[in-house]
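Me: I have a structure open and want to go through one metal site and the helix beside it. Can we start with the terms?

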Amino acid sequence: MFSWLARNDSRKREPLTFTTVTERLWKCYNDKLQPLEATYLFSDFHYPPMSAPDFEAKPMVLLMGQYSVGKSSFIRYLLERDFPGMRIGPEPTTDRFVAVMHSENDRVIPGNVLAADPTKQFRSLEKFGNSFLQKFECSATNSPVLERVTLIDTPGVLSGEKQRTARGYDFEGVIEWFAQRSVMIILLFDAHKLDISDEFCRCIGSLKGNEEKIRIVLNKADMVTTQELIRVNGALMWSLGKVLGTPEVARVYVGSFWDRPFQIDDMKNLFEAEQEDLFHDIQELQKQDVTQKVNDLIRRARLAKAHCFLISKLKSQMPSFFWKQSTKEALIKDLKSVYDQVQREAKISQGDFPPLSNFQDQLKAYDFSTFSKLNTHLVTKVDEMMAVDIAEIMKEMSQEQVPNQAITGGAFGTTEDDLTNPFSGDDSISNNDLLLLCGRQQPEQWVFVTRWEELKRDHMASAEYDKQFFALEPKDGKLSSLKAREEMVKSKLPNSVLKKIWSLADVDKDGMLDQNEFAIAMFLINSKQEGHDLPDQLPIELIPSSRPEPNQVDGNDTDRD
Ligand code: CA
């Protein structure tokens, strides 16, 4: 599965990427920590053994919110496409945990199958039982965004005690499971209808220990006035401050995270700046994820070492023949002094020990004389892993500024964006070949092609775009990006959408729009306003050079049927 299996010389490092770092961490765990864990029954007492998918899994983003805050729309907005099994609407239909993941083919995978799949990171969810697994599924879809990140949609939280018991599984436990493994937790709130139920407060409560991962999105902010928004934001901060119990509450992103025109666009610029910030934050996920995986591995190794010394110490205290049971009972009762002894002898710090009373309870079920003796070789391996291997990875990471494979596609923009795009931020120039644009067609594209051909046949509608074009006083048959931008912004569509429209419409990438390109831009804007999704590539039928010149289209004979 991993390329390192085929590599002999571990000194020769591949350039650091998210994948190479996670592969190396997995190798560290598997070669050096796992043998110690297995010898001292670590998984019986603490966590199940880790497997490759735990390391190679894409960074997860957990999305939480009450009903109808727009969670599914938010995911749809990021992906710019529907995902299988998507449920959008105010009615209580999102009662599931949905892992939105990458796959070549669209499909829905049920929770039972997911939890049994050794190639996925969900195996330890099995402990939440069948009533949970029935409410868990994977929505697999071919979105480039999901090549870098996995999104976890959660059931919309309803207020009321009834739902709690009706669920039949440990809801907060599941939230905690995902929260620990996620690298970002997005809490969505509705600016238009801010009420935070006790139920949701409890859910937020189960995020304890993961506070630094929390980001707040105050969604649907375009539906309220500036004054209302300020008030809502204040109320939200006050409530969250109480629940999270920290004075400095997480970063709040205010905006309208869907791809429809803004209802009140006074603060359009603010919303767009906020969206850019959030996207930037999401782009850093891989880096954070690697850091989190390193930290988790170190924490686990320290606990495993403490555990090994405790278990072998207990073993060494056991008599060979008589009074086994009474010795065991005495050891459990006075476990504190075993902790103290280990702390002194093995230089284990107090913080690495498991909670005393838990460990006392767990030990009751075991025969100490079957425990393994101290094996210093295994301990040395773990020390080596922490002091050498992980330290080396961390050093390389800080030198190379960890590798971030940028998220592209969806709302994160098309890959072929360049500096001529007036809606573009600081995207770097990439060589764009016209041929690239004429690539394979997506299934939905026929909608565009048909609509475009209809439009061309409807001379009135088609002439409307031309009239608009000439009213803007083009120079040498072209509109400057400034003029075109001014016109396109009138659509009130979010910047990210206009950016994509521009990159599709400016076919020759000269940073200006000619008559044809302008028509394409306006056509795409209208299509978007009518609720159609944009194609990732411009269908070949829309590309001006593949069609007769506009002045020739006037004749009926050129119509296609
Ligand atoms: Ca152009």
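Reply: Buried means under 20% relative accessible area, exposed over 50%, and partly exposed in between. Bear in mind that this is a predicted model.

Me: Where does Asp 508 fall, then?
Reply: Asp 508 has 42% relative accessibility, so it counts as partly exposed.

Me: And Met 512?
Reply: Met 512 is at 31% relative accessibility, so it is partly exposed as well.

Me: Which residues are the protein donors of the calcium ion?
Reply: Asp 506, Asp 508 and Asp 510 each give an OD atom, Met 512 gives its O, and Glu 517 appears twice, through OE atoms. These donors lie 2.2 to 2.7 Å from the calcium ion.

Me: How are the donor residues spaced in sequence?
Reply: The pattern is D-x1-D-x1-D-x1-M-x4-E.

Me: Regular or irregular site?
Reply: Irregular: the angles among the 6 donor atoms run from 52 to 156°. For comparison, ideal octahedral angles are 90 or 180 degrees.

Me: Switching to α22. How many residues does it have?
Reply: Helix α22 has 15 residues, 515-529, and spans 21 Å from first C-alpha to last, close to the 21 Å expected.

Me: How many of those are buried?
Reply: 12 of the 15 are buried, so α22 is largely enclosed by the rest of the structure. The buried ones include Glu 517, which is also a calcium donor.

Me: What caps the N-terminal end?
Reply: Asp 514 does, with a side-chain oxygen 3.1 Å from the backbone nitrogen of Asn 516. Asn 516 is itself buried.

Me: What does Gly 531 do just after α22?
Reply: Gly 531 takes a positive phi of about 100°.

Terms used
Residues are numbered from 1 along each chain as its sequence is written. This is a predicted model: local features need pLDDT of at least 70, side-chain atom pairs count only at pLDDT 80 or more; totals for chains, interfaces and linings use all residues. Side-chain values use heavy atoms; hydrogens and water are left out. Helices (H or I, at least four residues) and strands (E, at least two) are DSSP runs, numbered from the N terminus. The expected span of a helix is 1.5 Å times one less than its number of residues. Buried means under 20% relative accessible area, exposed over 50%, partly exposed in between (1.4 Å probe, protein chains only). A polar contact is a pair of N or O atoms within 3.5 Å; within protein, one must be able to donate a hydrogen and the other to accept it, and residues adjacent in sequence count only if both atoms are side-chain atoms. Donors are N, O and S atoms within 2.8 Å of the metal (3.2 Å for Na, K and Ca); water is not among the atoms, so sites may look incomplete. Four donors count as tetrahedral if all angles lie between 85 and 135 degrees; four count as square planar and six as octahedral if opposite donors are over 155 degrees apart and all others between 65 and 115; anything else is irregular.
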